[in-house]
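Me: Please take a close look at the enclosed space inside this model. I would like one connected account of where it lies and what surrounds it.

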Amino acid sequence: MEELVYVDRKNTNCNKWDGQTGMFGEEGLHAMWVADMDFRVPQGVVDALKEYVEQGVFGYYKIPESYYEAFIKWEKEQHGFTVEKKWMRFSPGVVAAFHWFVQILSEPGDAVIVNTPVYYPFLHAVKNNNRKLICSDLINEDGKYHIDYEDFEKKIVENQVKIFILCSPHNPAGRVWKKEELKTLFEICRKHQVYVISDEIHHDLIFSEHPHVPSLSVGEYADMMVAITAPSKTFNLAGGQNSIVIIPDDKLRKKWDTFVDGIRVRSGNPFGYIAAEAAYRTGASWLESVKAQIRENEAYVRETFEKELPDVVVSPLEGTYLCWIDLGAYVPAEKVKEVVQKRCHLAVDFGDWFGGSRFGTFIRMNLATSPENVKIGVDALVRELKK
């Protein structure tokens, strides 16, 4: 496995470490929030970008066939899913893509459903586009999450829902959905003519006992479904602003193409394409090292809380590098931010961001960092919660 190199990103214009004021009102907190890594990217990515930079000319860029081939090969080898080049479209980010799809596939006032708690830009995509947000809460059984199919269908019918935004793997609950779970969801959506936007950005960050099932591989749902992914989470390339939209259906693809013609955003910058291609070609060994480090960090979190604060509930991490933690046995929701931010001096994603005050005792902790950083965060929580 390629060796991981931890990078101290303070004072590098890193949003995670140097841009905390917008979310927390202050700087200098120990950063365990926004979902990017503190690891140097695969060496193959650095080498490819160096070669491009050495040319010294950064004009208009023709996307090479090798870029498409690298992604298609990766999906086939890693997930057993065959993507066709003609299905692939560009977006500067997964978040931009599902915002655009909300506009493409619905009208102002239409209802859009999500499974809460969920990645909070899902909520923003609905509200920012003047759609009606419908939340179907996942069932929480001691930190293990399941889909409430009855509630999901009931709310679709009651609100005449037009779109379902799926998070697969699920952020922040850490679930990697099984094929039968996805099929049940998609059959409900088929029955009630609901489009599915499947955000699969964390699909490579799964562990061997929980294989990712691409939504488009589950059955004949292409006429009602699109998928979005990116190398950004997998290989720490968010700054490249290069995401991949997969649209197998001709009619849906035409809707997308018409929309992007209107805003004139058809392709990205060369740095994003070059980094992505190099990562898909050379990054598999590096990714295994990342996953091993995440597992080690998760074990420290789980074992420390079990020993020191046994009533803290840490959700099983089947996928992603984001740990969902319920502190409710030790601190009420209205005190969580005071304890975590003011007393522990931690920047984490707070639970109420993911769907409201009913998740107020939760925090989401980023484990894609050094063991030392994880220890600082967990030990601070143990110290203050014991008080």
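Reply: The second largest cavity holds about 30 Å³ of space; a cavity is a set of points on a 1 Å grid over the protein atoms alone where a 1.4 Å probe fits but cannot get out, and its volume is the space filled by probe spheres set on points joined across faces, edges and corners. The model is predicted, with totals for linings using all residues, whereas local features need pLDDT of at least 70 and side-chain atom pairs pLDDT 80 or more. Residues are numbered from 1 along each chain, and side-chain values use heavy atoms, without hydrogens or water.

Around the second largest cavity stand Pro231, Ser232, Leu237, Gly240, Gln241, Asn242, Gly272, Ala275 and Ala276, each with an atom within 4 Å of a point. Helix H11 (residues 270-282), a DSSP run of H or I with at least four residues, gives the largest share of this lining, three residues. Four of the lining residues are nonpolar, five are polar and none is charged. Pro231, Leu237, Ala275 and Ala276 are the nonpolar members, while Gly240 and Gly272 are counted among the polar ones.

Two cavities reach 30 Å³ or more, and the largest has a volume of about 60 Å³. Its lining is made up of Glu75, Phe81, Glu200, His203, Pro214, Ser215, Leu216, Ala227, Thr229 and Ile246. Five of these residues are nonpolar, three polar and two charged. The charged pair is Glu75 and Glu200, and the polar residues are His203, Ser215 and Thr229. Phe81, Pro214, Leu216, Ala227 and Ile246 supply the nonpolar part of the lining of the largest cavity.

How values were computed: On a 1 Å grid over the protein atoms alone, a cavity is a set of points where a 1.4 Å probe fits but cannot get out, and a pocket is an open set with protein on both sides within 12 Å along at least five of seven lines; lining residues have an atom within 4 Å of a point. Helices (H or I, at least four residues) and strands (E, at least two) are DSSP runs, numbered from the N terminus.
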